[in-house]
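Please open the model in a viewer and keep the sequence panel at hand. The tour below proposes one selection after another and describes what each one shows.

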Amino acid sequence: MAQQYLPGQRWISDSEAELGLGTVLMQDGRMLTVLYPATGETRQYAARSAPLTRVRFVPGDEVTHFEGWKMTVREVDDVDGLLVYHGLTAQNEARTLPETQLSNFIQFRLASDRLFAGQIDPLNWFKLRYHTLENQSKQLTSSLWGLGGVRAQPIAHQLHIAREVADRIAPRVLLADEVGLGKTIEAGLVIHRQLLSGRAKRVLILVPENLQHQWLVEMRRR
């Protein structure tokens, strides 16, 4: 069922909470126009996918009038799609506050504020973040962490040597494989893992002049 937007309703942006409380100006077909008086900015959204959450206060919440006075909500009425709050001020004075007169500077920055205001992300977004963090954790604890991003296809002995050397706090080794068995790739893997782990921040490579170009190409391409 499509969301119904009515002029005067108060909504808050899920992606730009710093804009404060928004007011629906109009819905023209598929387009929705919302004014954010706190910043004087206007946004247009596709009505079917607008990143907005309706601001609904419940009994017990404290609400603020745009003139600054506050009251504690006792009852909430829905009048032709617009909310009207009834409550008491700190001086125990009964007041009525239509949502059109709510303070424009209301923001929901704390997680608890967002939760109580119903400003909750869709469940599939949570699942995406959860699985992303789960996969990231697996990568960080993998024995091949830092060794799998090479553009070449390392063979078994290269991965074994690179892992053994890179796991040392201050590796000091001589890579003495035969010519063509991938010593440059092994060194690159060790350097990569040292950088990712934070054990090294800068790396100085010293090679004979006639090998400078070869190393430059290998490090950039692989």
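Begin with strand S8, residues 82–88 of this predicted model. Five of its seven residues are buried, so the strand is largely enclosed by the rest of the structure. Buried here stands for a relative accessible area under 20%.

**First neighbour of S8: strand S7**

Add strand S7, residues 70–79, to the selection. S7 and S8 run antiparallel and are joined by seven bridges. To follow the pairing, select Val73, whose bridge partner in S8 is Gly87. Then select Val76, which stands opposite Tyr85 in S8.

Next, move to the turn between these strands. S7 and S8 form a hairpin, with two residues between them. Select Asp80, which is placed in the loop between S7 and S8. Its phi is positive, about 55°, although Asp80 is not a glycine. Is Asp80 buried or exposed? With a relative accessibility of 73%, Asp80 counts as exposed, because the term applies over 50%.

**Second neighbour of S8: strand S9**

Return to S8 and add strand S9, residues 94–98. This pair is antiparallel as well, with five bridges between S8 and S9. Select His86 and Thr96 together: His86 stands opposite Thr96, a residue of S9.

S8 and S9 also form a hairpin, here with five residues between them. Select Asn92 in the loop between S8 and S9. Asn92 has a positive phi of about 65° although it is not a glycine. The relative accessible area of Asn92 is 59%, and this residue is therefore exposed.

**One strand further back: S6**

Now go back along the sequence to strand S6, residues 62–64. S6 pairs with S7 in the antiparallel sense, over three bridges. Select Val63 to see one position of this pairing; its bridge partner in S7 is Met71. The connection between S6 and S7 is again a hairpin, with five residues between the strands. In its turn, select Gly68, which has a positive phi of about 115°.

**Towards the start of the chain: Gln9 and Ile12**

Select Gln9, which is found in the segment before strand S1 (10–13). Gln9 has a relative accessibility of 3% and so counts as buried. What surrounds Gln9, apart from residues up to four places away in sequence? Gln9 touches Gln4, Gly22, Thr23, Val24, Arg54, Gly81, Leu82 and Glu99. Show the side chain of Gln9 and the backbone of Leu6 as well: a polar atom of that side chain lies 3.1 Å from the backbone nitrogen of Leu6.

From there, step into strand S1 and select Ile12. Ile12 has a relative accessible area of 1% and is therefore buried. Add Val55 to the selection: Ile12 and Val55 are 43 residues apart in sequence, yet their C-alpha atoms are 6.7 Å apart in space.

**The largest pocket**

Turn now to the helices. Rolling a probe the size of a water molecule over the atoms shows where empty space is left. The largest pocket holds about 730 Å³ of space. Which residues of its lining are closest to the centre? Select Leu175, Lys183, Ala187, Ile191 and Trp215, the closest among the 29 residues that line this pocket.

Next, colour helix H4 (183–197) and helix H5 (212–221), each of which supplies at least two residues of the lining. The largest share, seven residues, comes from H4. Colouring the lining by residue type separates 19 nonpolar residues from five polar and five charged ones.

**The whole protein**

Finally, clear the selection and display the full chain. The protein has five helices and nine strands. Along the sequence, the pattern is β-β-β-β-β-β-β-β-β-α-α-α-α-α. The protein has 222 residues, of which 31% count as buried. Among contacts with a separation of 6 or more, 46% are made by residues 24 or more positions apart.

How values were computed. Residues numbered from 1 in each chain as written. Predicted model: local features only at pLDDT ≥ 70, side-chain atom pairs only at ≥ 80, totals over all residues. Heavy atoms only, no water. Helix = DSSP H or I, 4+ residues; strand = E, 2+ residues; numbered from the N terminus. Buried < 20%, exposed > 50% of the residue type's maximum accessible area, 1.4 Å probe, protein only. Polar contact = N/O pair within 3.5 Å; in protein donor to acceptor, adjacent residues only side chain to side chain. Contact = heavy atoms within 4.5 Å. 1 Å grid on protein atoms, 1.4 Å probe; cavity = no way out; pocket = protein on both sides within 12 Å on 5 of 7 lines; lining within 4 Å. Points joined across faces, edges and corners; volume = space filled by probe spheres on them. Nonpolar A, V, L, I, M, F, W, Y, C, P; charged D, E, K, R; others polar. Pairing = 2+ DSSP bridges.
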